[in-house]
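Please examine the sequence and the three-dimensional model shown below. The paragraphs that follow lead through selected residues, the interior and the charged pairs.

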Amino acid sequence: PGAQLEPWRLGEGAETRARVLVDAAQAPWIVQHLGPGAVVDERPDGSVVVAMAVTNRDNFRSFVLTFLDHAEVLAPPDLRAEVVAWLERQVAA
């Protein structure tokens with residue numbers, strides 16, 4: 001079997017280590033998709049924090065937004081700010 005497509009890793013950008021909080025409803029899916037090695041924190045409420053190596057910030061944002069309000073970019077601060085700013089522009093449009 002081939003490697004799973006990880007669109008957030010497509011591209012030649014500098015690699016950023018993103019941390020994303022995923023709530024309990026979506027935690028099993030993200031763990032299955034990224035693998036248990038991506039989990040850096042399992043919280044008492046069933047949510048997880050995953051680490052992702054990101055080289056394509058636009059694709060990363062698109063992936064995270066598929067979770068709607070079930071995911072939150074925690075770090076790094078500049079990547080979190082980019083996602084928040086993008087969302088604010090969409091609301092304003």
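Is L65 buried, partly exposed or exposed? The model is a predicted one, and in it L65 has a relative accessible area of 23%. Residues count as buried under 20% and as exposed over 50%; L65 is therefore partly exposed. The residue belongs to helix α2. Apart from neighbours within four places in sequence, L65 is in contact with W86 and L87. Between the C-alpha atoms of L65 and V83 the separation is 8.9 Å, although their positions lie 18 residues apart along the chain as a sequence distance.

L65 also takes part in the lining of the largest pocket, together with V64, L68, A71, E72, V73, R80, V83, V84 and L87. Two or more of these lining residues come from each of the elements α2 (57-65), β4 (71-75) and α3 (77-92). Helix α3 makes the greatest contribution, with four residues. The space in this pocket amounts to about 160 Å³. In character the lining comprises eight nonpolar residues and two charged ones, with no polar residue.

Attention may now turn to the interior. The largest nonpolar core contains 21 residues, and V20, I30, V50, M52 and F60 are those with the most contacts inside it. The elements β1 (16-22), α1 (27-34), β3 (48-54), α2, β4 and α3 each supply two or more residues to this core. Strand β3 gives the most, with four residues. The surroundings of M52 can be listed individually: leaving out neighbours within four places in sequence, M52 is in contact with W8, T16, R17, A18, V20, L34, F60 and F63. Two of these contact partners, V20 and F60, are also named among the core residues with the most contacts.

Strand β4, which contributes to both the pocket lining and the nonpolar core, contains A75. With a relative accessible area of 22%, A75 is partly exposed. When residues up to four places away in sequence are not counted, A75 touches R17, A18 and R19. A75 and A51 are 24 residues apart in sequence, and their C-alpha atoms are 9.3 Å apart in space.

A loop residue may be considered next. S47 is located in the loop between β2 (39-42) and β3. Is S47 buried or exposed? Its relative accessibility is 4%, and S47 therefore counts as buried. Leaving aside neighbours within four places in sequence, the contacts of S47 are L21, V22, D23, A24, D41 and E42. Q90 lies 43 residues from S47 in sequence, and the distance between the two C-alpha atoms is 27 Å.

The charged pairs complete the account. Side chains of opposite charge can pair when their charged atoms come close. How many salt bridges does a search of the whole structure find? The search finds six, including the three described here. D78 and R57 meet through their side chains at 3.0 Å, N to O. Because D78 lies in helix α3 and R57 in helix α2, this pair ties together parts that are 21 residues apart in sequence. Both residues are partly exposed, D78 with a relative accessible area of 41% and R57 at 24% relative accessibility.

A second salt bridge joins R61 to D58, with the closest N and O atoms 3.4 Å apart. Both of these residues lie in helix α2, where they are three residues apart, about one turn of the helix. R61 counts as buried at 16% relative accessibility, whereas D58 counts as partly exposed at 47%. Beyond individual pairs, salt bridges that share partners join R57, D78 and E82 into one network.

The remaining pair described here is formed by R9 and E6, whose side chains meet in a salt bridge at 3.9 Å, N to O. R9 is partly exposed, with a relative accessible area of 43%, and E6 is likewise partly exposed, with a value of 25%.

Definitions and conventions
Residues are numbered from 1 along each chain as its sequence is written. This is a predicted model: local features need pLDDT of at least 70, side-chain atom pairs count only at pLDDT 80 or more; totals for chains, interfaces and linings use all residues. Side-chain values use heavy atoms; hydrogens and water are left out. On a 1 Å grid over the protein atoms alone, a cavity is a set of points where a 1.4 Å probe fits but cannot get out, and a pocket is an open set with protein on both sides within 12 Å along at least five of seven lines; lining residues have an atom within 4 Å of a point. Grid points are joined across faces, edges and corners, and a volume is the space filled by probe spheres set on the points. Ala, Val, Leu, Ile, Met, Phe, Trp, Tyr, Cys and Pro count as nonpolar, Asp, Glu, Lys and Arg as charged, and the others, Gly among them, as polar. A salt bridge is a side-chain nitrogen of Lys or Arg within 4 Å of a carboxyl oxygen of Asp or Glu. Buried means under 20% relative accessible area, exposed over 50%, partly exposed in between (1.4 Å probe, protein chains only). A nonpolar core is a set of buried Ala, Val, Leu, Ile, Met, Phe, Trp, Tyr and Cys residues joined through side-chain atoms within 4.5 Å. Contact means heavy atoms within 4.5 Å.
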